[in-house]
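Q: Please take a close look at a single part of this model. A formal, connected account for a newcomer would be welcome.

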Amino acid sequence: MIYSSSPLAVIVFLVMVVGTVALSFYLGSKAKSSEGYFAAGGEIPWFINGIAFAGDYLSAASFLGICGMIAFYGFDGFLYSIGFLAGWLVALLVIAEPLKRLGKYTFADALASKFQSQGIKSAAGVSTLVVSLVYLIPQMVGAGALVKPLLGLQYWQGVVLVGSIVVVIVVTAGMVSTTYVQFLKGGLLVLFSLVLTILVLQRGLQVTTDSPRVAPQRITVDGDGNKLIDGVLLGLGSDQRNVEPVGKVLELSQGKQSTGALGPIAFLTELSGAKIELSQTNKSTVNGSPVVEYAPRVVSGLEMMAPGNWPAFKGIRENQWFPKLDFISLMLALFAGTASLPHILIRYYTVKDQASARKSTIVGIAAIGFFYLLTLYIGFGAMVSGALDPSDTNMAAPLLAKSFSDLLFAAVSAIAFTTVLGTVSGLIVAAGGCVAHDFVGGMLGLKLSDQQLIRVAKISSIGIGALAILAGLAFEGMNVSYLVGWAFAIAASANLPALLMLLFYRGTTKQGIIAGVLVGTFASVLWIAGCPEMYKTLYNLDPKQAWVPFSQPGIITIPLSFLTIYVVSMFTKTGSDRLPATARLES
Amino acid sequence: MHSHANSTEVEDNDVIRKRQRLGVILLSVFSLAYAGFIGLCMFAFEWFSSTNVYGIPLTVGYGVALILFSLMIALIYGAMSSLIERRAAARGREVGST
């Protein structure tokens, strides 16, 4: 779909972005020490930190990806909401307080603290960098998708814009400013999601007055490289044609034409009895040119409230084991991944003690849980808004806002954009801190001053930002939630087994932890690189040729990492390497 | 390397052990509910997606209930952990005063 930018949207967007950067400059100028830069001096109030958790966590995947997936495939998107939130209980109940007790700068510091091992720091540093980079990809994809309707820019321009702004923020700021930006962003995101939900319920459901579409919308490319829709030049001009939006109610139960305002339960009940027109994307090649068809797809509301509509989750309904394993694997990764994400883990060092770590996690769970309940209404609301772009599932929530007013669209898009900025900033701060502490200070053993450490982190941030931009360009068009699922799988395979074994298995040795982290990281990355989804989406090859039978690695690589730690620890058990009896509690 | 200002929090091992046990028990309870949800999606798909509760499909109802259950468990853990810490602090004061 081709979008035109509105001056209002541009103004609201600029106000939000300039405000974010100005706040970063102001607060960043106050953080002079490395402790201030990397951990906000441990002085962030727990409530602020809790909402900042929500800001860090509710990334492009949550707002754009989940809402988009619910809008096009119904309940499958909500499965992500459930999995993403469930992971927070692992963080609260077994990780938060022990990690805070170690009280350092990075996850690697925490893991290495009992053995004072540079090897552990280096291995955990590798996993932090890999997870941060993989998690950055969907954020950049989300940014590229957002600027198209907001500013009328191309996808690549959006990716470069976000990468550049974030590098400026991170280089001028640090954990204090990142925390307050996340606090504002998290709060605004939840607030505006509530506003959208109230508007969706107020509007209720109406049967469309348009006649149902019969023929698909067909996008082709002519000899000059111009895109055509049904043979007419694609565009906004008078002699051009744009892609028609989808998402219309064709029938309501009992022959109603409109429901009027509905309550939260009545909305779901009415929707389950409705017939809705959506679209199905079919890609093919004719005479060497790509052809994309958006074919009309009529579904019942009840069908959309069952799992298995999304192609990647179709296996739920089949009697084959590999698709089922793929689904279990994803849900396991979401459950185990949250408590292993570097940019979440470093937030435990920004509060003063364990009680604050616990309280801030509970506040985070409340804010995040509430937001995920709202995704159900935003997603289903978008499904029947008549405003869905069939070419981009990630744009459902902003386009739902546009169906109410341009001002709301501008505000929601700007918040979504700062959501991406905030999450990317958090990830780059975590990755930059990891390079400074774990590689330069840890693995290379260089003794650096506070200012030198900060400088190393900032220079690293520029490089990581550049890598994120390149990766964002390579993965254009993929659903951001799906991409985030991979980041969770890598984090859960690399970091969680090491943390849990350190806390609960007395026989753990430093060699065991190093081996577990490295095996978990590289096994999951290799699995993803050779999986059917990568063959289909990135390599444009037949998915049947993939090295591995399903796309989500967690169910194999998480147990593999546990097993590696156990076996290597068994073989390397000596008095000095073994975890001291009291260490499990103290750590 | 640089030392961290708030890295030296000292806590009674008994308090840590009790809190850890509480965390593991609550996580086990939630894991069962979560595994049950995944199991129903996978192995009882037809029944799960066609059963209604108060007019809402059970899939959606169970999903929403899981989110609310997460919050409930978080609040229970927060309250009980605070209770464990307060009791330990009171015991410490009693020992100190005798």
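A: The account below concerns the side of chain A that touches chain B, followed by one helix of that side and a sheet of the chain.

This is a predicted model, in which local features need pLDDT of at least 70 and side-chain atom pairs count only at pLDDT 80 or more, while totals for chains, interfaces and linings use all residues. Residues are numbered from 1 along each chain as its sequence is written, and chains are lettered from A and ligands numbered from 1 in the order in which they are written.

Chain A gives 48 residues to the contact and chain B gives 40; two residues are in contact if their C-beta atoms, placed from the backbone, lie within 7 Å. On the side of chain A, at least two residues each come from α2 (34–39), α5 (75–102), α10 (264–272), α12 (321–337) and α14. The largest share, 13 residues, belongs to α5(A). Helices (H or I, at least four residues) and strands (E, at least two) are DSSP runs, numbered from the N terminus. By class, this side of chain A has 28 nonpolar, 10 polar and 10 charged residues; Ala, Val, Leu, Ile, Met, Phe, Trp, Tyr, Cys and Pro count as nonpolar, Asp, Glu, Lys and Arg as charged, and the others, Gly among them, as polar.

Of the 30 residues of α14(A), 27 are buried, that is, 20 or more other C-beta atoms, placed from the backbone, lie within 10 Å of their own.

Chain A also holds an open sheet of six strands, ordered β3-β2-β1-β6-β5-β4, with antiparallel pairing; strands pair if DSSP finds at least two bridges between them.

Technical notes
A residue is buried if 20 or more other C-beta atoms lie within 10 Å of its own, exposed if 12 or fewer, and partly exposed in between; C-beta atoms are placed from the backbone.
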